[in-house]
Structure formats: structure tokens, C-alpha cells
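Biologist: I should like to understand how the descriptive terms applied to this protein are justified. Please set each value against its definition.

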Amino acid sequence: MYSFMGGGLFCAGVGNILLVISTATDYWMQYRQSSSYMHQGLWRYCVPGKCMTYTDSIAYWDATRAFMILAILACFFGIIIGVMAFINYSSFSGFDKTFAAGILYFISCFFVLLAMAVYTGMTVNYYGKRYGNWRFSWSYIMGWVSVVLTFFSGIFYMCAYRMYEPRGPMSR
């Protein structure tokens, strides 16, 4: 049970770090324009020599930002509850910390998946039709890696929950 919880905490911790880095950095997409590379993130776009904050509100960027922030928060609270379950595994009146942490990791995974799907779909639809010399970059890839890590965190915590759960007709 504790090995599953340890694995879940490790995956969640790394996943949350990747979520924060992915959300905060400006390398979601790179493109080449007039022999120089430019890049953009969720908050700023950069041309050679300077970066500028977005001044207009574009719906898919706003949705991606919101889902990424919700994913970070869900994963962070899942880590806190997961640590509490790891340190002192006890259940009290219908609230199982292991189960709650696993659910929060799955919620985080869902939010990241939504953010990445919205960003991918809109970016491919827009840039794929208009420009030929662009690509997704490392911040974007970190977002997809965090989808996998938060998913496995949820799996590990649900396995730990199922191992501890009493079984049989006499246990209830």
C-alpha cells in the first residue's frame, strides 16, 4: 500500500512541477518568420530581443490558462492530502484521504487534458492552415507529460485505496 502511495506522490510531485513550469514558460509554440525564431506561451509572445504580454483576450488561450491553473490547484491539494494519508493512514467518517487524493489527481489529469486538447485543436486549426513553418515546443510537451504523470498518480492512489479497503460480507 505505501509503495503505491509513494509512487503516486512522486508522480504527482513531478507532474505538478511540470504543470507549473509548462504554464509559466513561453515555449508552447515556435515559428520562424523572416529568418528568426519567435515563440509564444500562454501569457506572452517573444520576438528576437523582447517579449510582450498579450493585450487581447483570445478565448482558447483563456480556456487553456484556466484549465492549467485548475489542474495545478487540484494536483497541489491532492499532494497535500496524499502526504497526510501517507504519514498517518486513517479514515474517519466517510472521508478517506487516499481516495480523495486519487480523485484529485484524476481531476487534475482531466483539467490538463482539456487544456491540452483545446490548445492543440485551436493551434493546429489556425496555424496549420495559415503557416507552414511552426512547431509545438518544450513547454507544450511538458503539459502532455504532466497528463500522464497525474493520471498515474491517480492510478497509484486508487490501487493503494483498494488494497486497504476491507473486503467481504463481514467487514461492513
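Modeller: The discussion below moves from the overall make-up to the sheet, the helices and one loop residue.

Modeller: This is a predicted model, in which local features need pLDDT of at least 70, side-chain atom pairs count only at pLDDT 80 or more, and totals for chains, interfaces and linings use all residues. Residues are numbered from 1 along each chain as its sequence is written, and side-chain values use heavy atoms, with hydrogens and water left out.

Biologist: How many helices and strands are there in the protein, and what makes a run of residues a helix or a strand?

Modeller: Both are DSSP runs numbered from the N terminus: a helix is H or I over at least four residues, a strand E over at least two. By that rule the protein has 4 helices and 7 strands, and from the N terminus on the elements run α-β-β-β-β-α-β-β-α-β-α.

Biologist: What makes strand 1 and strand 2 a pair?

Modeller: Two strands pair if DSSP finds at least two bridges between them. Strand 1 (residues 29-33) and strand 2 (residues 36-40) have 5 bridges, in the antiparallel sense, so the condition of at least two is met. Within this pair, M29 has Q40 as its bridge partner, and R32 has Y37. The hairpin of the two strands has 2 residues between them, and S34 takes a positive phi near 50° there.

Biologist: How many bridges link strand 2 and strand 3?

Modeller: There are 2 bridges, again in the antiparallel sense; one bridge partnership is that of H39 with C46 in strand 3. A hairpin of 3 residues joins these strands. Strand 3 (residues 44-47) is in turn joined to strand 4 (residues 50-53) by 4 bridges, and the two run antiparallel. V47 stands opposite K50, and in the hairpin G49 takes a positive phi near 100°.

Biologist: Which strands are called edge strands, and why?

Modeller: The open sheet of 5 strands has the order 4-3-2-1-7, with antiparallel pairing. Strand 4 and strand 7 are the edge strands, as each pairs on one side only. The twist averages 20° from one strand to the next.

Biologist: Why are helix 2 and helix 3 called roughly antiparallel?

Modeller: The axes of helix 2 (residues 59-87) and helix 3 (residues 97-130) come within 8 Å and cross at roughly 160°. Axes are lines fitted to C-alpha atoms, for helices over the stretch in contact, and angles run from 0 to 180 degrees between N-to-C directions. Angles under 35 degrees count as roughly parallel, over 145 as roughly antiparallel, 65 to 115 as roughly perpendicular and the rest as oblique. The helices are therefore roughly antiparallel to each other.

Biologist: What makes strand 2 mostly covered?

Modeller: In strand 2, 4 of its 5 residues are buried. Buried means under 20% relative accessible area, exposed over 50% and partly exposed in between, with a 1.4 Å probe and protein chains only. Across the protein, buried residues make up 44% of the 172 residues.

Biologist: Why does Y131 count as partly exposed?

Modeller: Y131 has 44% relative accessibility and therefore counts as partly exposed, since that class lies between the two limits already given. Y131 is found in the loop between helix 3 and strand 7 (134-136). Y131 and R32 are 99 residues apart in sequence and 9.5 Å apart in space, C-alpha to C-alpha.
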